[in-house]
Amino acid sequence: MLELNLLTANTHMGFSFTRRRFVLPELRQAIREVSADLVFLQEVLGEHSDHSLRHADWPQVPHYEFLADSLWPQFAYGRNAVYPAGHHGNALLSKFPIVSYRNRDVSIGGHESRGVLHCVLQIPSSGQQLHALCVHLGLREAHRRQQLELLCRIVDSKIPPDAPLIAAGDFNDWRKTGHALLQRCGLHEAFAHATGRLARTFPARWPLLPLDRIYLRNLHARDLDVLSSRPWSHLSDHAVLRARVAGGAGAMS
């Protein structure tokens, strides 16, 4: 039986809600205290030469490696945006072996650089392989629709229909128009399924918009939380989602 705790967080490049403070060490401590088996990260820095000179506590390793520390021995990073000072993208931290991963480019026509990090994990307790998609979609609705169609194609063509699947991250779908499309692709959203509504996660201090999601296939979720009080409210511009998921082949889709 597959059972695990997961967290999804937009790290805001390691800066506070207002971008005035570098808070990555505090974010690492907060994430460690949740005891998640899988951590889906968006807007995580791989490198930034300018910021590293301005902040004395800037880590000597990429942010995803700093966050993984000794708790998550496995991690994968997908570089999305590249600029003169460095690059950022999506990352997955895992307590389970990552047997393969690929960053799939879903950028639309030279606008915002966006990607879906597709990882395949081996779950020793169940003998199953879990597919994890760490998602960060664009700000324009027309682009998001195309990106969601690409996401559905990945699900249909690259992931076995009976495999447990988690697609989590920042979908930027504040008008909820993309939600129905993902449902038609055979995914159900954990919070919507459990409570009848999508979780509100943005802005972190007074969440109003449902930007962040946890979509599942062949899994079900319980013990759901929106982490938006302190310390989380000042560690990013997004609240953080946490869930416990269980199941596997033949489970609720």
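**View 1. Arg 244 and Glu 3 bridge two strands.** Arg 244 is partly exposed, with a relative accessible area of 23%. Glu 3 is also partly exposed, at 33% relative accessibility. Here, buried means under 20% relative accessible area, exposed means over 50%, and partly exposed lies in between (1.4 Å probe, protein chains only). Accessible areas come from the Shrake-Rupley method with a 1.4 Å probe, and for residues only the protein chains shown count as cover. This is a predicted model: local features need pLDDT of at least 70, side-chain atom pairs count only at pLDDT 80 or more, and totals for chains, interfaces and linings use all residues. Residues are numbered from 1 along each chain as its sequence is written, and side-chain values use heavy atoms, with hydrogens and water left out.

Glu 3 forms a salt bridge with Arg 244; their closest N and O atoms are 2.8 Å apart. This pair links distant parts of the chain: Glu 3 sits in strand 1 (residues 2–10), and Arg 244 sits in strand 12 (residues 240–247), 241 residues apart. A salt bridge is a side-chain nitrogen of Lys or Arg within 4 Å of a carboxyl oxygen of Asp or Glu. Strands (E, at least two residues) and helices (H or I, at least four) are DSSP runs, numbered from the N terminus. By the salt-bridge rule, the count comes to eleven.

**View 2. Arg 28 in helix 1 meets Asp 69 in a loop.** Both partners are partly exposed: Arg 28 at 21% relative accessibility, Asp 69 at 39%. A salt bridge joins Arg 28 and Asp 69, with the closest N and O atoms 3.7 Å apart. The two residues come from distant parts of the chain, 41 residues apart. Arg 28 belongs to helix 1 (residues 24–34). Asp 69 belongs to the loop between helix 3 (63–68) and strand 3 (74–83).

**View 3. A salt bridge within helix 4, and a network elsewhere.** Side chains of opposite charge can pair when their charged atoms come close. Arg 145 forms a salt bridge with Glu 149, and the closest N and O atoms are 3.9 Å apart. Arg 145 is partly exposed, at 40% relative accessibility. Glu 149 is partly exposed at 33%. Both residues lie in helix 4 (residues 141–158), four residues apart, about one turn of the helix. Another group is linked through shared partners: salt bridges join Glu 3, Arg 222, Asp 223 and Arg 244 into one network.

**View 4. A nonpolar patch on the surface.** Leu 139, Trp 174, Trp 206, Leu 208 and Leu 209 make a nonpolar surface patch of about 490 Å². Patches are made of residues with over 30% relative accessible area and no salt bridge; like charges are joined within 9 Å, and nonpolar side chains (Val, Leu, Ile, Met, Phe, Trp, Tyr) within 5 Å. Trp 174 is partly exposed, with a relative accessible area of 34%. Its place is the loop between strand 8 (165–170) and helix 5 (179–184).

**View 5. A six-stranded open sheet.** The strand order is 5-6-7-8-10-9, with mixed pairing. Strand 5 (98–105) and strand 9 (188–189) are the edge strands, each pairing on one side only. Two strands pair if DSSP finds at least two bridges between them. Strand 8 and strand 10 (residues 212–217) pair in the antiparallel sense over six bridges. Leu 165 has Arg 217 in strand 10 as its bridge partner.

Helix 4 lies across strand 5, strand 6 (115–123), strand 7 (128–136), strand 8 and strand 10. Helix 4 runs at about 165° to strand 7. Axes are lines fitted to C-alpha atoms, for helices over the stretch in contact, and angles run from 0 to 180 degrees between N-to-C directions.

**View 6. Strand 6 and its two neighbours.** Eight of the nine residues of strand 6 are buried, so this strand is largely enclosed by the rest of the structure. Seven bridges join strand 5 to strand 6, and the two run antiparallel. Asn 103 has Leu 117 in strand 6 as its bridge partner. Strand 6 also pairs with strand 7 in the antiparallel sense, over nine bridges. Gly 115 stands opposite His 136 in strand 7. Strand 6 and strand 7 form a hairpin with four residues between them. Gly 127, in the turn, has a positive phi of about 75°.

**View 7. The surroundings of His 88 in strand 4.** Strand 4 spans residues 86–94. His 88 is buried, at 15% relative accessibility. Not counting residues up to four places away in sequence, His 88 touches several residues, including Met 13, Glu 43, Leu 45, Tyr 77, Arg 79 and Tyr 83. Contact means heavy atoms within 4.5 Å. The C-alpha atoms of His 88 and Pro 59 are separated by 15 Å, and these residues are 29 residues apart along the chain.
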